[in-house]
Amino acid sequence: MEDVSAVSTAGERTRSRVRYFVLFMVFIVTTLNFADRATLSITGSTMQKELGLDPVQMGYLFSAFAWAYVLGQVPGGWLLDRFGTKRVYAWSIVLWSFFTLLAGVVGSLPAASVVGAFFLCRLMVGFAEAPAFPGNSRLVAAWFPTAERGTASAIFNSAQYFAAVLFTPLMAYLTQAHGWRSVYFVMGGLGFVLAALWLYTIHEPKAHPRISRAELEHIERGGGLVNLEKGAVAKVPLQRGTIKQLLANRMMMGIYVGQYCINTLTYFFLTWFPVYLVQERGMSILKAGFVSSLPAVAGCIGGVLGGVISDGLVRRGHSLTFARKTPLVVGMLMSTSMVVCNYVDSQWLVVAIMSLAFFGKGVGALGWAVMSDTSPKEVAGLSGGVFNTFGNTAGITTPIIIGYLLKQSGSFAAALVFVGANALLAIVCYLLVVGEIRRLELKQA
C-alpha cells in the first residue's frame, strides 16, 4: 500500500502555480473593466449624430465615468482594506455591469432625457469600478514575490489593450448591425457571469484550496504579502493622517503625478482616438473599430514586455529603482511619436505611428508595479486608491480639454501635442521627483 504521508510530503515539495490562475482571472476581469469604460468611444459617433451633440458636450459625456471613478478611489481602497479584496471586488463587478446594462435601457428614453440619464449611468459605472485597480494591486502584492511583481502588474495592466483588441471590433459590429444600445446590453450581461466566476475561484493565498506549501513559501520568501488580507478582519479607520503621510512623501507624489500624465495617453485612446480616425482620417465606424485594435495589440505587447524587462533587470542584480524607471522612460519617449501624425496624410502611416506610440505607452506603464513595491502594507488598498485618484483625474481633464481644443481649432493637431507633452512630463516626474523606489513605512501616531 502507498504511504499516504510520503505522498503528502511529496505534494508539499511540488510547487503549484495557483498564482498564475489568480493573475489570469485578474486579467480577464480587468479586460471587461476597460471594455465597459470604453463603450462610449465606439458608440459615441453614432450617438453624437442621433442626439445632435457638439464636441464639448461629447467631452463631458466622455468624462462622466472619470468624475465618479476619481471620487470613489479613496473610499474604494478603504473598503478593500476593511472587508477584503474578494467580496468588495465581486460587488464592484456586479454594480458596474448593472449600470452598463442600464445605459442601454435609458437609451430608449425620449431624446430630451437620454443625455442626462446616460450621464448618470456613466457616473455610476465609474463609481462602481473604483475598487478594481487597487484590488488588482492588493492581489499582486499578496500573490507574487517582488521579482515577479513587475511582470504580474504589467500583465493585468495590459488588459486595457487586450480589451480594445477583443471588444472594439465586436462593439463596432454591434453598433453598426444592431444599434448603439445593443453594446450596453451585451457588455452588462457578460459582467454578471464573470462576477459569479470570480466568487467561485478567488481566495487569499493561505486559504486557497489548491495552493501547495512550496508555492506559499516561494511567495512569502520572495516578499509576497501573503497575510495582507488578514488586515481586512480588523477595523481599518479611514484616517486623514494616513492620507496626509502619503501626500507629504516626495516619492509617492512623484509616482501619483506621473500616473496622471501616463493616464492622459490612456484616456486619449479610450475616448477620442476612434473619433479621431472617423472625423480626422475619414474612416467608417466599422473600419475605425478594427483599426483601433491595431495600436491596442502593440500596446498589449509593449505592456507585457515592459514588465518582463523590469523583472529581468531585478533578477540580474540591478536596483529596483533602475529596473522600474528604465522601461518607463524609454516607453514614454516612444509615446511622443504620436505628434508626427500631424505631419502625415497616409492612413496606414498614421496607424503605424499610433501603434508605436501605444507600444511605448505599454512599455512604460509600470505604475501599478511601482505601487505594489511602495505602498505601506497596512493600507495597500487606500494607497492604491490615492494613486488611482491622481491617475484617473486625467479621465476628467483629457476628454474635456481635447473637446475644447477640437471645437476651437477644428482639428486634432493641438490635441496630439497636448497628449505627447504629458508623456514628457511623466519622465520628468520619475527622473527628478520620485528618487529611490522602496516601500513606504508609515509613522504611527
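A: Let's start with one word we'll lean on: a residue is buried when its relative accessible area is under 20%, exposed when that value is over 50%, and partly exposed in between. Keep in mind, too, that what you're looking at is a predicted model.

Q: Okay, so how do I read a salt bridge, and how many salt bridges does the count come to?

A: Here's the general idea: side chains of opposite charge can pair when their charged atoms come close. In this structure, the count comes to seven salt bridges.

Q: Can we look at one of them? How far apart are the closest N and O atoms of Arg 19 and Glu 148?

A: Those atoms are 3.0 Å apart, and the two residues form a salt bridge. This pair links distant parts of the chain, since Arg 19 belongs to helix 2 and Glu 148 to helix 9 (residues 146-157), 129 residues apart. Arg 19 has a relative accessible area of 1%, so it's buried. Glu 148, at 17%, is buried as well.

Q: Which residue forms a salt bridge with Arg 19 from helix 12?

A: That's Glu 215, again with the closest N and O atoms 3.0 Å apart. Glu 215 lies in helix 12 (residues 213-221) and Arg 19 in helix 2, so this bridge ties together parts that are 196 residues apart in sequence. Glu 215 has a relative accessible area of 0%, so call it buried.

Q: What about Asp 373: which side chain does it meet in a salt bridge?

A: It meets the side chain of Arg 149, at 3.7 Å from N to O. Once more, distant parts of the chain are linked: Asp 373 sits in helix 18 and Arg 149 in helix 9, 224 residues apart. Here's where our opening word pays off: Asp 373 and Arg 149 are both buried. There's a bit more to the story, as salt bridges with shared partners join Arg 149, Asp 311, Arg 324 and Asp 373 into one network.

Q: How do I check the length of a helix, say helix 17?

A: You compare the distance between its end C-alpha atoms with the span expected at 1.5 Å a residue. Helix 17 has 18 residues and should span 26 Å; its ends are 26 Å apart, so the two agree. Its buried residues include Val 350, Ile 353, Phe 358 and Lys 361.

Q: And helix 20: what span does it reach?

A: Helix 20 covers residues 413-434, which makes 22 residues, and it reaches 31 Å from its first C-alpha to its last, close to the expected 32 Å. Among its buried residues are Leu 416, Phe 418, Asn 422, Cys 429 and Tyr 430. The cover over them includes helix 14 (250-279), helix 16 (320-335), helix 17 (347-364), helix 18 (367-374) and helix 19 (380-409). Ala 413, also in helix 20, is partly exposed, because its relative accessibility is 29%. Just past the helix, Gly 435 takes a positive phi of about 75°.

Q: Now a single side chain. Is Trp 143 buried or exposed?

A: Trp 143 is in helix 8 (residues 132-143), and its relative accessibility is 0%, so it counts as buried. Leaving out residues up to four places away in sequence, it touches several others, including Val 18, Arg 19, Pro 205, Ile 211 and Ile 219. Its side chain also reaches the backbone oxygen of His 203, at 3.4 Å.

Q: What does the side chain of Asn 33 make a polar contact with?

A: With the side chain of Arg 37, at 2.6 Å. Asn 33 has its place in helix 2 (residues 18-37) and is buried, because its relative accessible area is 0%. Setting aside residues up to four places away, Asn 33 touches Trp 96, Glu 129 and Ala 132.

Q: Last one, the outside: which residues make a nonpolar surface patch?

A: Leu 170, Tyr 173, Val 186 and Leu 190 make a patch of about 320 Å². Helix 10 (159-178) and helix 11 (181-201) each supply at least two of the patch's residues. Take Val 186, which is in helix 11: its relative accessibility is 33%, so it counts as partly exposed.

Note on methods
Residues numbered from 1 in each chain as written. Predicted model: local features only at pLDDT ≥ 70, side-chain atom pairs only at ≥ 80, totals over all residues. Heavy atoms only, no water. Helix = DSSP H or I, 4+ residues; strand = E, 2+ residues; numbered from the N terminus. Expected span 1.5 Å × (residues − 1). Buried < 20%, exposed > 50% of the residue type's maximum accessible area, 1.4 Å probe, protein only. Contact = heavy atoms within 4.5 Å. Patch = residues over 30% accessible without salt bridge, like charges linked within 9 Å, V, L, I, M, F, W, Y side chains within 5 Å. Areas by Shrake-Rupley, 256 points an atom, 1.4 Å probe, with all protein chains shown as cover. Salt bridge = Lys/Arg side-chain N within 4 Å of Asp/Glu carboxyl O. Polar contact = N/O pair within 3.5 Å; in protein donor to acceptor, adjacent residues only side chain to side chain.
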